[in-house]
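Open the model in your viewer and keep the sequence panel in sight. We will go from stop to stop, selecting a few residues each time.

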Amino acid sequence: MLKTLLPRIEQRYALTGSIFGAFLPTLCFAADQLLRDTAQESLFGFSAPTATALALMPVFFGVGFYQIGRSKALLIAELSQRRQTEQRLTHDAHHDRLTGLANRFCLERDIQAVVEKSEEADRPALLLLDLDRFKFVNDSLGHDAGDALLAAIAGRLRRALCATTGIYRLGGDEFVVTIAGRPSAGKIEDVCRTICDLFAEPFELKRHRVTSGCSIGVTFMEAGDTSMSELLKRADLALYEAKAMPGSGFRFFDAALAADVQARSAIEHDLARAIRADEFFLEYQPIVGVESRTVRAFEALLRWRHPEKGRIMPDMFIPAAEKTGLILPLGNWVVREACREAATWPAPAGVAINVVGDQFKDRAFVGYVKQCLMETGLAPGRLTIEVTESVFSVDETVIRESLSELRSHGVRVALDDFGIGFSSINNLRAFPIDQLKIDRSFARAMMESKRDADLVDIILKLGRTFQVTTTVEGIESEGQLDFIRQRGASEAQGYLISGPVAGPDVMRFLAQTDNRLSA
């Protein structure tokens, strides 16, 4: 009641002081009156100044107490402001300013709390999310659009996920969702599908309409985990696999993936040593004219002769070489070795070399190819550089300039694995291409499906339209060879002609070509 009437502390203190100040003069006046009534002589005999001082005493005490109350009110206000500031700073330290979600520091704190709690019944799950096309949004629409997209995604996550999940933003376009307790794999799959469904609808930003997707890597907290980094490392490995799948998707970290990662780590560790130890070698698979069945070129195929693991195929070590940057010295070795061996073959048989995007990032690469041609004496027209369409995502300007410079020097350029991935007619228009190589997956499918047969026919017509030669990979039967011959393919490659042959055997193969390929 008193707080309602007197809401301020200093008011209540002033009232208390006034009451206390009134107590003494009241006591004195009461005693004086009592003595007078008993006909005794007054002990006090108040003079006018004394009586005035006693009468004003409630005012004096009220003012004094008011000042004390005011000091206390100021102190309480200052302490309250400090607490608010501390709470705001604590919140800012644990939350992302852009999205309002908990941040990496908060995730680390929460995981550490679970580790210290260490209840065997708990096995929380961690989902690492990475957005698709976020770099494209930032680069093409600006960072404001990228920030708006991140905020919109955070809003959808908050609305879609239940209270038992924690949502964090690690930074950039990475988010983390944690599921407490001991969730089943089925529950986690449901959560992952819910998250993927959030990206089905475009995001309506202020000035743009943006579509995006997401990939999710999933892992469980294990008994031996002691830090957030261990969890994130496993989730990141699963995320890497999920991003390899088309569209939005998710992947669990499991024993098979762990074994694969361990094998790849061992390969990464061995690569540098293997290059120094000269453990790599080339094999050559012939490419023949469909009509004449004479050898036009050999595709150089890289192999690794590991001292313990034996023969290792390129799909096992090329990704590791790209990841570690060793693709540059390894790729340069392939160019020099292929040119050196091809120079010993009778003309016009040439050699085709696969080149990845990272090699073109080295602006000295084109000059290195020219130098190898000059030093080995191989005519530029007998060398074909094969690239896949993924190379165009590196830097269009760099790729176009590099390929144009190679072609002006006389080197041929082939577009490999055409028909899979993100094949685009625009790439045939925008980049200097001499040859299309139709992916081997079509060779068998075209004989079993009219749809695939029509696709092969369309690609062959594209080749004629753009005036480039066409090679079909994976030819394993006479029926397949007749099929592509009837549709105008220029060249064929596959086990019907020959599997890869060792470098020293190429000359013998060329000498036997007429007998081996005649029908």
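**Stop 1: a pair of helices**

Select residues 134–141 and 143–160. These are helices α5 and α6, which pack at an angle of about 140° with their axes 6 Å apart. That angle makes α5 oblique to α6, because only angles over 145 count as roughly antiparallel. Now show the side chains where the helices touch. From α5 come Phe134, Val137, Asn138 and Leu141. They meet His143, Ala145, Gly146, Leu149 and Leu150 in α6. Which classes of residue make up this contact of α5 with α6? Six are nonpolar and three are polar, with no charged residues.

**Stepping back**

Zoom out to the whole chain. This is a predicted model. The protein chain holds 20 helices and 17 strands. Of its 519 residues, 43% count as buried. Consider contacts between residues at least 6 apart in sequence: 66% of them join residues at least 24 apart.

**Stop 2: a second pair of helices**

Select 441–448 and 450–465. Here helix α16 packs against helix α17 at an angle of about 125°, and the axes are 6 Å apart. This makes α16 oblique to α17. Their crossing is left-handed. On the α16 side, colour Phe442, Ala445, Met446 and Glu448. On the α17 side, colour Lys450, Asp452, Ala453, Leu455 and Val456. This contact of α16 with α17 has six nonpolar residues, three charged ones and no polar ones.

**Stop 3: a helix with two faces**

Select helix α10, residues 314–324. Which residues of α10 are buried? They are Phe317, Ala320 and Ala321. These three cover an arc of only 105° around the axis, so they sit on the same side of α10. A general rule helps here: an α-helix has 3.6 residues a turn, so residues three or four places apart point the same way.

Rotate to the face of α10 turned away from the buried side. Asp315 and Lys323 are there, and both are exposed.

Next, look at what covers the buried residues of α10. The cover includes helix α9 (255–276) and helix α11 (327–342). Strands β8 (280–289), β9 (295–306) and β10 (310–312) are also among the covering elements. Before leaving, click Gly325, just after α10. Its phi is positive, about 85°.

**Stop 4: unusual backbone**

Select Ala347 and Pro348. A cis peptide bond joins them, with omega about 10°. Pro348 belongs to the loop between α11 and β11 (350–354).

Go to Arg293. You will find Arg293 in the loop between β8 and β9. Its phi is positive, about 60°, although Arg293 is not a glycine. Is Arg293 buried or exposed? Arg293 is buried, because its relative accessible area is 14% and the cut-off for buried is under 20%.

Then select Gln467, in the loop between α17 and β15 (469–472). Gln467 also has a positive phi, near 55°, and is a residue other than glycine. With a relative accessible area of 75%, Gln467 is exposed.

**Stop 5: a buried lysine**

Select Lys437, in strand β14 (residues 435–438). Lys437 is buried, at 0% relative accessibility. What does Lys437 contact, leaving aside its neighbours within four places in sequence? Show Glu299, Glu386, Asp416, Asp417 and Glu473, which are among its contacts. Add Ile287, Ala414, Leu415 and Phe418. Thr471 and Gln493 are in contact with Lys437 as well.

**Stop 6: a glutamine in a short list of partners**

Finish at Gln359, in helix α12 (residues 357–361). At 4% relative accessibility, Gln359 counts as buried. Draw a distance from its C-alpha atom to that of Leu328. The two atoms are separated by 5.8 Å, while the residues are 31 apart along the chain. Leu328 also touches Gln359, as do Ile327, Gly331, Asn332, Asn354 and Phe365; residues up to four places away in sequence are not counted.

Note on methods
Residues numbered from 1 in each chain as written. Predicted model: local features only at pLDDT ≥ 70, side-chain atom pairs only at ≥ 80, totals over all residues. Heavy atoms only, no water. Axes fitted to C-alpha atoms, helices over the stretch in contact; angles between N-to-C directions. Helix = DSSP H or I, 4+ residues; strand = E, 2+ residues; numbered from the N terminus. Parallel < 35°, antiparallel > 145°, perpendicular 65-115°, else oblique. Left-handed = near helix turned anticlockwise from the far one by under 90°. Contact = heavy atoms within 4.5 Å. Nonpolar A, V, L, I, M, F, W, Y, C, P; charged D, E, K, R; others polar. Buried < 20%, exposed > 50% of the residue type's maximum accessible area, 1.4 Å probe, protein only. Arc of directions from axis to C-beta.
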